[in-house]
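Please take a moment with the sequence and the 3D view shown here. The paragraphs that follow walk through a group of paired strands and then turn to two loop residues.

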Amino acid sequence: MKRRGIVYGFVVALGAVLLWALPLGVRAFAQQAPPLGALVREYEVVTMPSATAYSIYTTNRTTPHQVWYRISGGDALFRQRLRVYQENAGPRPINQLPPESELRQEITTNNPTRWFSLPRETDVFTYYFDGDNRLTVNSPWRDAFGVRVQRTRYANGNRYAIGFEDQETLDDYNDLELDVVIIQPA
């Protein structure tokens with residue numbers, strides 16, 4: 001009887017420790033951010049009322065780079081979708097996306113997500129971030145009506161705060177909001 005009490009007490013104590021430690025570990029993993037280094041410069045906000053997607057690209061064929069991204073939120077009237085493309089080529093003309101074979105991820109929400117990272121690459125690559133929306137679950141996806149971007153330079157890369165607009169009236173550019181980081185030392 002006494003032995004059963006000791007085992008039972010141990011199991012309860014172990015369960016309490018796991019319940020306490022598990023959320024701390026999950027929270028730390030979800031908050032992992034790309035290693036940007038010291039702030040160098042903030043650039044002017046750029047608004048593109050006719051853009052439906054935003055692309056970032058590399059021009060250095062020899063220095064490795066890595067792209068990180070996450071949905072940071074959004075205040076939308078409609079359902080939102082982010083599609084991320086990666087193409088081993090220079091940038092395409094505005095609003096022209098690569099073929100579906102280059103699609104790396106699709107997220108159908110504007111709820112905040114953890115950071116995602118693409119594999120390290122060396123060569124010229126272009127990364128497209130396409131924001132779409134739709135009125136109902138069964139209606140077709142439609143392109144964003146505009147994009148607003150704030151670029152910030154850090155010691156070893158750039159951070160882009162990207163906001164998409166889902167109405168033709170172009171009111172706030174906060175319907176789908178992203179953080180995109182490219183790590184590539186200068």
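**Paired strands and two loop residues**

Arginine 151 stands opposite tyrosine 160 in S11, and this pair of residues is a convenient place to begin reading the model. The structure is a predicted model, in which local features need pLDDT of at least 70 and side-chain atom pairs count only at pLDDT 80 or more, while totals for chains, interfaces and linings use all residues. Residues are numbered from 1 along each chain as its sequence is written, and side-chain values use heavy atoms, with hydrogens and water left out.

Strand S10, residues 146-154, pairs with S11 in the antiparallel sense over 9 bridges, where two strands are said to pair if DSSP finds at least two bridges between them. The names of the strands follow DSSP runs numbered from the N terminus, a strand (E) having at least two residues and a helix (H or I) at least four. A hairpin of 2 residues leads from S10 to S11. S11 itself is mostly covered, since 7 of its 9 residues are buried; here buried means under 20% relative accessible area, exposed means over 50%, and partly exposed lies in between, with a 1.4 Å probe and protein chains only.

From S11, which spans residues 157-165, the path continues to S12, as 8 bridges join these two antiparallel strands. Within this pairing, alanine 161 has aspartate 179 of S12 as its bridge partner, and glycine 163 stands opposite glutamate 177 of S12. Strand S12, made up of residues 176-183, is also mostly covered, with 7 of its 8 residues buried. S12 pairs as well with strand S4, residues 66-73, in the antiparallel sense over 7 bridges, and there valine 67 stands opposite isoleucine 182.

Two residues in loops deserve a separate look, and a general remark helps in reading them. Most residues other than glycine have a negative phi, and most peptide bonds are trans. Asparagine 95, in the loop between strand S5 (79-87) and strand S6 (103-107), has a positive phi near 65° although it is a residue other than glycine. With a relative accessible area of 36%, asparagine 95 is partly exposed.

Which loop holds aspartate 123? Aspartate 123 is found between strand S7 (116-117) and strand S8 (126-134), and its phi is positive too, at about 140°, although aspartate 123 is not a glycine. Its relative accessibility is 22%, so aspartate 123 counts as partly exposed.
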